[in-house]
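This report looks at how two chains meet and at how one of them is built around a sheet. The structure it refers to is shown here.

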Amino acid sequence: MAGTCGRSSNCQSTGSSLTVLVPAFNEAESLADTIRSLQTQTVPPEEIIVIDDCSTDGTSEVARSLGVTVLRPPQNTGSKAGAQNFAMDSVCTEFTMAVDADTMLAPDGVEKLLAALRQKNVAAACGFVLPRNVKSLWERGRYVEYLFAFVFYKPIQDYYGKPLISSGCFSAYRTDILRSMGGWSMRTMAEDMDLTWSLYQKQYEVRFVPEAVCYPIEPHDFHFMSKQLKRWSHGFIQNVSMHWKGLAELDFLRWVVAVALWDAVIASAAYLILLPLLALLVNPFFLLGYLVDIPAVVVPVVYKGARRGELWRTLTSLPSFFVLRFVNSIFMLKAMWKEWILRKPLLTYEKGH
Amino acid sequence: MAAGIPGTGLGGIFYLFLALFMPVNELLAALHGKSTSSSRRSAAFSFSMAIAILAALVGHAWLMILGLNELKEYLDPQSALGRSVNEATGIVSPAVALLPLYVFGALLVMLTIMRYVLKRQKLADKDVRLDFEGV
């Protein structure tokens, strides 16, 4: 992936030394908001490249109408990673950012994220993710899930030097390091996790910047949510399979992944199978096990919700989190079963909308 | 994406420990001249969050036990529900609450052993390569 870039006519010198890649497949509805939020950043990118992965809904036309560079591969690349890699030859700037086509950024998102990359050994930086819409049960569940993860888990991971994932919807990278890694690999369903863990194994640093906020559109119905959960759960299992030996060498990260794997598999099995069986066969009050950790979730979530002036939204969304968690457990167990026991890996990347 | 299931199982305990350890970590970092205002702020925030979570968990458990004990007072101990509540107050005990800690400890031990085995394997592979190269 040696750079053969020539500066396009859409390039503007803003001093950011940043190119933003926006992979898109049938994203005409949401793309304009994403592009506008990038163009109105406090530190605008020098170039925005939309990679139209053979859409059929006029995605290219929407992008061109807003004056950004549009690249269209000769055939569908099959995944977000493929689309982003297609554009890498066109990147001439010191930094590259990947933003999902349905993700808007806070006005200073780019500025905050780039600040973290000023340190030479920092290869990637990621921001705080919150759903743009919080209406349906699934969006509300995801809202609470993100509040919890980004207020409690991720700052701790960052403090100890190893954020678990540089989220694919909004991350920035040093272009030379990204190229040396071969861009985003298509070998798993979670290319962001794969890249992050690969960077760690090459002794690079990744930072989490909570002040850099983005707002993706999250799944609003079960159909969309199930495709995303399927991809994410298979992606996690695939990455553990691929990286486990390398992870064993990495301080702190091996513990984080081991605990996450335990939660994903054993805790899910306990949640879905053991507790109900104990309640049925031994004592119905074993069902209290579902309530035991409510405070652990409520405290950070309500704190952040109140700070954002969204206390009512947070409180009314809490029950949805527990539904989503239940569903998430099912997908995790299914993924583990298919990937490790049946040896039927998920190979088709489906966004689901 | 969010890996694992936030809020369940060992993840919560693991991160609580990490957050509670942060002031110690900052002290050690300060002794080596590596503590920064940013790391201190981060440690203070996560530590405070962990204390608040712990307090809420203890309060929640206390309320649950109180509720069960109150329920016991109103139920016939010979009835099915009365017996269930009686057994439940035995289940919801500090020993059971410590169960996740034992599991967590076992996981840490397993991981340490796995790491040791992998390291030995890596060294053995290196020796085989060196032998092959005639060194």
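## Sheet and interface

In this predicted model, Ile51(A) has Leu71(A) as its bridge partner in β3(A). The two strands concerned, β2 (residues 47-52) of chain A and β3(A), run parallel to each other where they pair, and 3 bridges join them. They belong to an open sheet of 8 strands with mixed pairing, whose order in chain A is β3-β2-β1-β4-β7-β6-β8-β5. The sheet is bounded by the edge strands β3 (69-71) and β5 (103-105) of chain A, each of which pairs on one side only, and the twist from one strand to the next averages 30°.

Strand β7 also takes part in a charged pair, since the side chains of Arg174(A) and Glu94(A) form a salt bridge with an N to O distance of 3.4 Å. Arg174(A) sits in β7 (residues 170-174) of chain A, whereas Glu94(A) sits in the loop between α3 (80-88) and β4 (95-99) of chain A, so the salt bridge ties together parts that lie 80 residues apart in sequence. Over all chains the rule gives 15 salt bridges.

The interface of chain A and chain B can be summarised as follows.

| Property of the interface | Value |
|---|---|
| Residues of chain A in contact with chain B | 54 residues |
| Residues of chain B in contact with chain A | 54 residues |
| Area buried between chain A and chain B | about 4700 Å² |
| Share of that area from carbon and sulfur atoms | 76% |
| Salt bridges across the interface | 0 salt bridges |
| Polar contacts across the interface (both at pLDDT 80 or more) | 6 residue pairs |

Within chain A, the residues that lose the most area to chain B are Tyr159(A), Trp255(A) and Phe285(A), which together account for 15% of what that side buries. The elements that contribute two or more residues to the side of chain A touching chain B are α5 (137-159), α7 (191-201), α8 (222-247), α9 (253-281), α10 (294-307) and α11 (311-341) of chain A. Of these, α9(A) gives the most, with 11 residues. Sorted by class, the side of chain A that touches chain B holds 40 nonpolar, 5 polar and 9 charged residues, while the rule finds 0 salt bridges across the interface of chain A and chain B.

Notes
Residues numbered from 1 in each chain as written. Chains lettered and ligands numbered in written order. Predicted model: local features only at pLDDT ≥ 70, side-chain atom pairs only at ≥ 80, totals over all residues. Heavy atoms only, no water. Contact = heavy atoms within 4.5 Å. Buried area = accessible area lost by both parts, 1.4 Å probe. Salt bridge = Lys/Arg side-chain N within 4 Å of Asp/Glu carboxyl O. Polar contact = N/O pair within 3.5 Å; in protein donor to acceptor, adjacent residues only side chain to side chain. Helix = DSSP H or I, 4+ residues; strand = E, 2+ residues; numbered from the N terminus. Nonpolar A, V, L, I, M, F, W, Y, C, P; charged D, E, K, R; others polar. Pairing = 2+ DSSP bridges. Axes fitted to C-alpha atoms, helices over the stretch in contact; angles between N-to-C directions.
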